[in-house]
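Here's a quick briefing for anyone meeting this structure for the first time. Have a look at the model, then work through the points below.

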Amino acid sequence: MTTQSLPVRTDAPARTPEPTTGRGGRRRLLRTRAGRQHHAGPLAYVLLAVMAILSIFPLYWTMVAASTDNTRVSQTPPPFLPGPNLFSNLARAWDEAAMGKAMVNSLIVAGVIALSTVLFATLAGFAFAKLRFKGRNILLMLVIGTMMVPPQLGVVPLFMMMSELGWSQQLPAVIFPTLVSAVGVFFMRQYLSEALPDELVEAGRVDGAHSLRIFWSIVLPVARPAMAVLFMITFVHAWNDFFWPFVVLDMTNPTVPVALTQLSAGYVRDQSLIMAGALLGTLPLLAMFIVFGRQIVSGIMAGAVKG
């Protein structure tokens with residue numbers, strides 16, 4: 001059995017490459033470039049190294065100052081290498097400032113404030129972003145307007161209110177005035193306006209879900225990256241807050257910033273001891289960022305890809 005080969009056309013026109021100047025060509029070019037891996041140049045690495053050194057240097061200097069004595073810190077030029085007194089200065093700062101109780105108080109205050117701010121700000125942000133009700137824009141402007149009022153103006157009436165409630169010198173006096181922030185509400189409102197499609201909310205309405213059900217099943221998964229960022233920012237701010245806790249608390253029930261003022265008492269300030277206390281107050285924040293930093297960054301990137 002023989003097979004007959006098909007004739008080959010020699011007069012077929014040669015296939016020319018598709019142009020890349022039109023709209024379709026640009027799309028194909030973008031798809032081709034999207035699969036490539038971009039590499040940073042030497043200048044980018046130099047800038048990143050400089051920024052990393054500038055960011056780490058204050059923490060390094062705090063450790064150096066905390067590991068020497070007060071005389072060595074005051075010398076010119078100051079020391080740039082750690083000394084042998086780090087653990088002894090940390091132990092002195094821990095005892096003299098009652099840092100154990102102060103850290104527990106700061107953990108309670110910062111944790112409660114961060115959780116409540118994330119919850120209430122997400123609820124309010126969802127309402128302002130996706131719900132339709134009368135006076136929504138007016139209420140939003142009032143919330144934004146509160147950010148323009150200096151918090152020092154409300155110290156006296158707020159202190160009188162805490163005294164009337166019997167919360168003076170107690171942790172609820174620090175927690176309740178800051179259960180939610182206008183910055184958090186505005187931040188979540190802006191995030192949900194872009195990241196949460198209206199179609200998802202309408203689909204929940206069609207399925208018969210009420211607003212709280214939509215918030216729990218639809219809004220929370222979408223808002224998780226922004227909630228993680230808001231929790232981190234609020235926790236750090238509440239941990240480092242000094243002015244209002246210093247006004248309403250005393251040395252018998254302090255937070256970490258209030259307890260550190262005990263180290264600066266006296267005619268001659270021991271700078272190495274103060275730096276040791278500041279290092280103790282910074283270590284919990286560093287530990288939290290080391291543990292949860294990767295999850296927060298990955299959540300931000302996931303939210304950016306979804307958006």
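Let's start with one residue, Thr 117. Leaving aside residues up to four places away in sequence, Thr 117 touches Thr 122, Thr 178, Leu 179, Val 180, Ser 181, Leu 230 and Thr 234. Keep in mind that this is a predicted model. Thr 117 sits in helix H5, which covers residues 99-130. Its relative accessibility is 1%, and buried means under 20%, so Thr 117 counts as buried.

**The chain as a whole**

- You'll find 14 helices and zero strands in the secondary structure of the chain.
- Read from the N terminus, the order of elements is simply α-α-α-α-α-α-α-α-α-α-α-α-α-α.
- The chain has 307 residues, and 31% of them count as buried.
- Take the contacts between residues at least 6 apart in sequence: 71% of these join residues at least 24 apart.
- About 20,400 Å² of the chain is exposed, with 68% of that supplied by carbon and sulfur atoms.

**Helix H6 and its two sides**

- Helix H6 runs over residues 136-146, and its buried residues are Arg 136, Leu 140 and Ile 144.
- Why do the buried residues of H6 line one face of the helix? Looking down the axis of H6, you'd see them fall within an arc of 70°, so they share one face.
- Turn to the face of H6 that points away from its buried side, and you meet the exposed residues Ile 138, Met 141 and Leu 142.
- What do the buried residues of H6 pack against? They pack against H5 and helix H9, the latter spanning 182-195.

**How H5 meets H6**

- Two packed helices are described by the angle between their axes and by the distance between those axes.
- For H5 and H6, the angle is about 135° and the axes lie 10 Å apart.
- H5 and H6 are therefore oblique to each other.
- The crossing of this pair, H5 and H6, is left-handed.
- On the H5 side, Ala 127, Phe 128 and Ala 129 make the contact, while H6 brings in Arg 136, Leu 139, Leu 140 and Val 143.

**How H5 meets H9**

- H5 and H9 cross at roughly 50°, and their axes come within 7 Å.
- That makes H5 and H9 oblique to each other as well: the angle is not under 35 degrees, nor in the 65 to 115 range, so it falls in the oblique class.
- H5 passes H9 in a right-handed crossing.
- The H5 residues in this contact are Ala 121, Thr 122, Ala 124, Gly 125, Phe 126, Phe 128, Ala 129 and Lys 130.
- Across from them, H9 offers Gly 184, Val 185, Met 188, Arg 189, Leu 192 and Ser 193.

**Two loop residues with a positive phi**

- Most residues other than glycine have a negative phi.
- Ala 98 isn't a glycine, yet it has a positive phi of about 50°.
- Where is Ala 98 found? Look in the loop between helix H4 (86-96) and H5.
- With a relative accessible area of 38%, Ala 98 is partly exposed.
- Gln 169 also isn't a glycine, and its phi is positive at about 65°.
- Gln 169 has its place in the loop between helix H7 (155-164) and helix H8 (172-175).
- The relative accessible area of Gln 169 is 30%, which means it is partly exposed.

Terms used:
Residues numbered from 1 in each chain as written. Predicted model: local features only at pLDDT ≥ 70, side-chain atom pairs only at ≥ 80, totals over all residues. Heavy atoms only, no water. Helix = DSSP H or I, 4+ residues; strand = E, 2+ residues; numbered from the N terminus. Buried < 20%, exposed > 50% of the residue type's maximum accessible area, 1.4 Å probe, protein only. Contact = heavy atoms within 4.5 Å. Arc of directions from axis to C-beta. Areas by Shrake-Rupley, 256 points an atom, 1.4 Å probe, with all protein chains shown as cover. Axes fitted to C-alpha atoms, helices over the stretch in contact; angles between N-to-C directions. Parallel < 35°, antiparallel > 145°, perpendicular 65-115°, else oblique. Left-handed = near helix turned anticlockwise from the far one by under 90°.
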